[in-house]
Amino acid sequence: MLKHLKTACLLLALLTLVACSGKKEVVMPLQEFTPVFPVQEIWSTQTGKGVKKEYLKLSPALVGNQIYTSSYSGRVTAIDASTGRVIWQVNTKQNLTTGVSVDGGAVYVGTEKGQVLALSRSNGAKLWSTLLSNEILANPNAQSPYVLVKSIDDHLYALNKQTGQPVWNYKEETPSLILRGGQSPKVAGNLVVVGFANGQVGVFSIANGEMLWKHAVAEASGLSIVDQMVDINDTLAVAGNTIYVATYQGNLSALGLRSGELLWQHDISSYAGLAIDDRNVYVTDASSKVWAFSRRSGQVVWEQDKLMGRGVTGPQVMGNAVVVADSKGYVHWLSADNGSFVARTLADKSGVLDTPYVQGNSVFVYTNNGKLIKYRI
């Protein structure tokens, strides 16, 4: 089963680089503009070999004044967020396929062979490992009483933080072809919110895994298995009593957290990511166009099409700006008001797959070759 799913995912990674019609996707040249504010590089640290040639989003995690990274070749690194100094680095001797999640005492990461590893936050020593059903591509979530993990075959687990043993689990039916990625479980109070590769959103009790409701936000259609893909892939967020979720070849939807009621919906295809602020939902679509939608009504506020074809990451909100990066290695800041360009810098020519990580007026960018860069605006 592991081999079958992985082959399907690798096929999709190639398809995302070329339009489904077989024509080469047009890459928009960078537009000239007058920067609104300067971008200052604070430090840059090499943390490992990055994603190598894999299609992986290895998201860093920041806790206190330490930021943690993983690399496909097996290295997990703890870095001083102020100076960029490496505090510790360990080689797990496994292919790591997720970013990291951190709680008070441990760092958690998933592997290509379906293991979850727990490492000590103080020195990276191994605390435990647990073998699950399949490869793990979605980041574990340790911001709850359990470590919540979803494997590539849409198997959701709640693991005991002390031992790694499963407390409860749920299995959703998996399509035969899926995007190479996954949606990390989200925690909202005493609930767990998860998006699956078949376009379903499920809400579960965090205490015992009881499903409270499940809703199809997109329905598979078309004749080919590629046309029928409606994966939810790193495109779900919860704010207040509302879930915002986008699907590949589907739509962007707003759902009631407790009821699953559909509040509004807009046609869009996305797998890169989304972000929210008090006013808007920001989404990068499958062609690398960046959109802003009203949280209240779902109406389009603005769209930025000058980055199409550049392999743009998911967005992050940074004050009154929206920051994204691209596969050419550039980081772009857009106005949250109208989507116009307000700043840009070249991070690394190896490119960026993972969504930038924002804290206050600082942003951390993890490049494909394993370089972590801190910028300040």
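Let me start with strands S4 and S5, where, in this predicted model, S4, covering residues 75-80, pairs with S5 in the antiparallel sense over 5 bridges. If you want one pair to find on the screen, take Thr 77, whose bridge partner in S5 is Gln 89. The hairpin that these two strands make has 5 residues between the strands, and within that hairpin Gly 84 takes a positive phi near 85°.

There is a second hairpin to set beside that one, further along the chain. Strand S27, residues 330-335, and strand S28, residues 341-346, run antiparallel and are joined by 5 bridges, and here the pair to look for is Tyr 330 with its bridge partner Leu 346 in S28. The hairpin of S27 and S28 has 5 residues between the strands, and the glycine with a positive phi, near 80°, is Gly 339.

Positive phi values also turn up in residues other than glycine, and I would like to show you two of them. Lys 93 has a phi near 60°, and you will find Lys 93 in the loop between strand S5, residues 86-91, and S6. With a relative accessibility of 73%, Lys 93 counts as exposed, because the cut-off for that class is over 50%. Gln 249 has a positive phi as well, near 55°, and sits in the loop that runs between strand S18, residues 242-246, and strand S19, residues 250-256. The relative accessible area of Gln 249 is 30%, so this residue falls in the partly exposed class, between the 20% and 50% limits.

Now to Asn 123, which belongs to the loop between strand S8, residues 115-120, and strand S9, residues 126-131. Is Asn 123 buried, exposed or partly exposed? Its relative accessibility is 43%, and Asn 123 therefore counts as partly exposed. What does the side chain of Asn 123 reach? It comes to 2.9 Å from the backbone nitrogen of Ala 125, and a polar contact of 3.3 Å joins the side chain of Asn 123 to that of Ser 120. Leaving out residues up to four places away in sequence, Asn 123 touches Trp 88 and Val 90. For orientation, the C-alpha atom of Asn 123 is separated by 16 Å from that of Ala 81, a residue 42 positions away along the chain.

Ser 151 offers a contrast in accessibility. This serine is found in the loop between strand S10, residues 146-150, and strand S11, residues 155-160, and, because its relative accessibility is 1%, Ser 151 counts as buried. Its side chain and that of Ser 133 are joined by a polar contact of 3.3 Å. Beyond four places in sequence, the residues that Ser 151 touches are Ser 133, Asn 134, Glu 135, Ile 136 and Tyr 157.

Let me turn to the open and enclosed spaces, beginning with the largest pocket, which holds about 1,100 Å³ of space. Its lining is made of 46 residues, and those nearest the centre are Ser 59, Asn 139, Lys 186, Asp 234 and Gln 316. By class, the lining of this pocket divides into 25 nonpolar, 16 polar and 5 charged residues. Several strands each supply at least two lining residues, among them S2, S6, S13 and S17, and which strand gives the most? That is S21, with 4 residues.

Ser 59, one of the residues nearest the centre of the pocket, lies in the loop between strand S1, residues 40-46, and S2. Its relative accessibility is 17%, so Ser 59 counts as buried, the limit for that class being under 20%. Setting aside residues up to four places away in sequence, Ser 59 touches Gly 99, Val 100, Asn 139 and Asp 354, and Asn 139 is itself listed among the residues nearest the pocket centre.

Finally, the enclosed spaces: how many cavities of 30 Å³ or more are there? The count comes to 2, and the largest cavity has a volume of about 100 Å³. That cavity is lined by 15 residues, with Lys 150, Asp 154, Gly 181, Gly 182 and Ala 197 nearest its centre. Sorted by class, the lining of the largest cavity has 8 nonpolar, 4 polar and 3 charged residues.

Technical notes: Residues numbered from 1 in each chain as written. Predicted model: local features only at pLDDT ≥ 70, side-chain atom pairs only at ≥ 80, totals over all residues. Heavy atoms only, no water. Buried < 20%, exposed > 50% of the residue type's maximum accessible area, 1.4 Å probe, protein only. Contact = heavy atoms within 4.5 Å. Polar contact = N/O pair within 3.5 Å; in protein donor to acceptor, adjacent residues only side chain to side chain. 1 Å grid on protein atoms, 1.4 Å probe; cavity = no way out; pocket = protein on both sides within 12 Å on 5 of 7 lines; lining within 4 Å. Points joined across faces, edges and corners; volume = space filled by probe spheres on them. Nonpolar A, V, L, I, M, F, W, Y, C, P; charged D, E, K, R; others polar. Pairing = 2+ DSSP bridges.
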